[in-house]
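Work through the following exercises with the model open beside you, and try each task before reading its solution.

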Amino acid sequence: MRKLLSCLFLPMLSIVMPVLTGCAGETKPDVYHQSLLEDLPFVHKMTVQQGNILTKEEVDQLQPGMNKRQVRYLLGTPLLTDFFNSDRWDYVYTIRRGHAPEEQRKLTVFFQDDVLVRTEGNVRPEPGTVTAAEPKEIVVSVPDYQEHKGWIGRGLEAVGIGRKK
């Protein structure tokens, strides 16, 4: 009986084990996609923003000699503050618009004795471009509302049972 079990068990084990462990060695791709439909152009992808919004106007107002309160008022609370080095603040802003690649802006400000001494990152202040803050007038034109009926609404209206204006 033992020989019979071992004769049946060993061949079955030799078939089942490679099948069960076959997926264990599979490496994951660098870019993970949840669906094959994800990259199609008609699939909507939301705009995702994270971090501190860094505009060129705000960054151009940075000047060496500003204290920490002035920098915090201008740029907001930093996204990252080093617990062991309170004289370095990191501002990071990322935005991904639909299918476009992710855009990332980084700014690191360094202080010495609570005074701004230098900045680093891919968003840098340009000295001399600071202009007086003038109120900007923004004119927004809103088009008149036009009702766009679908094919069902147009069909009902053609038959005479549609909505009257």
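**Exercise 1.** Leaving aside its neighbours within four places in sequence, which residues is Leu116 in contact with?

*Solution.* The model is a predicted one, and the first step is to locate the residue: Leu116 belongs to strand 5. The second step is to list its partners outside the four-place window, which are Leu62, Gln63, Pro64, Gly65, Met66, Val71, Val109, Phe110 and Phe111. The third step is to take one of these partners, Val71, and set sequence against space: 45 residues separate Leu116 and Val71 along the sequence, while their C-alpha atoms are 8.1 Å apart.

**Exercise 2.** Decide whether Leu116 and Thr119 are buried or exposed.

*Solution.* The cut-off needed here is that a residue is buried when its relative accessible area is under 20%. For Leu116 the relative accessibility is 4%, so this residue counts as buried. For Thr119, which also lies in strand 5, residues 115-121, the relative accessible area is 11%, and therefore Thr119 is buried as well. As a last step, the contacts of Thr119 can be read off, again without its neighbours within four places in sequence: they are Leu62, Leu107, Thr108, Val109, Arg124 and Pro125.

**Exercise 3.** Describe how strand 4 and strand 5 are arranged with respect to each other, and identify the bridge partner that Leu107 has in strand 5.

*Solution.* Begin with the sense of the pairing, which is antiparallel and extends over six bridges between strand 4 and strand 5. Next, pick out a single bridge, in which Leu107 is partnered by Gly121 of strand 5. Finally, consider the connection, where strand 4 and strand 5 form a hairpin with two residues between them.

**Exercise 4.** Examine the backbone and the accessibility of Asp113 and Asp114 in the loop between strand 4 and strand 5.

*Solution.* Start with the position of Asp113, which is found in the loop that runs from strand 4 (103-112) to strand 5; Asp114 is found in the loop between these strands too. Then inspect the backbone: although Asp113 is not a glycine, its phi is positive, at about 55°, and Asp114, likewise not a glycine, has a positive phi of about 60°. For the accessibility step, recall that exposed means over 50%, with partly exposed lying between that value and the 20% limit for buried residues. Asp113 has 70% relative accessibility and therefore counts as exposed, whereas Asp114, at 43%, counts as partly exposed.

How values were computed:
Residues numbered from 1 in each chain as written. Predicted model: local features only at pLDDT ≥ 70, side-chain atom pairs only at ≥ 80, totals over all residues. Heavy atoms only, no water. Helix = DSSP H or I, 4+ residues; strand = E, 2+ residues; numbered from the N terminus. Buried < 20%, exposed > 50% of the residue type's maximum accessible area, 1.4 Å probe, protein only. Contact = heavy atoms within 4.5 Å. Pairing = 2+ DSSP bridges.
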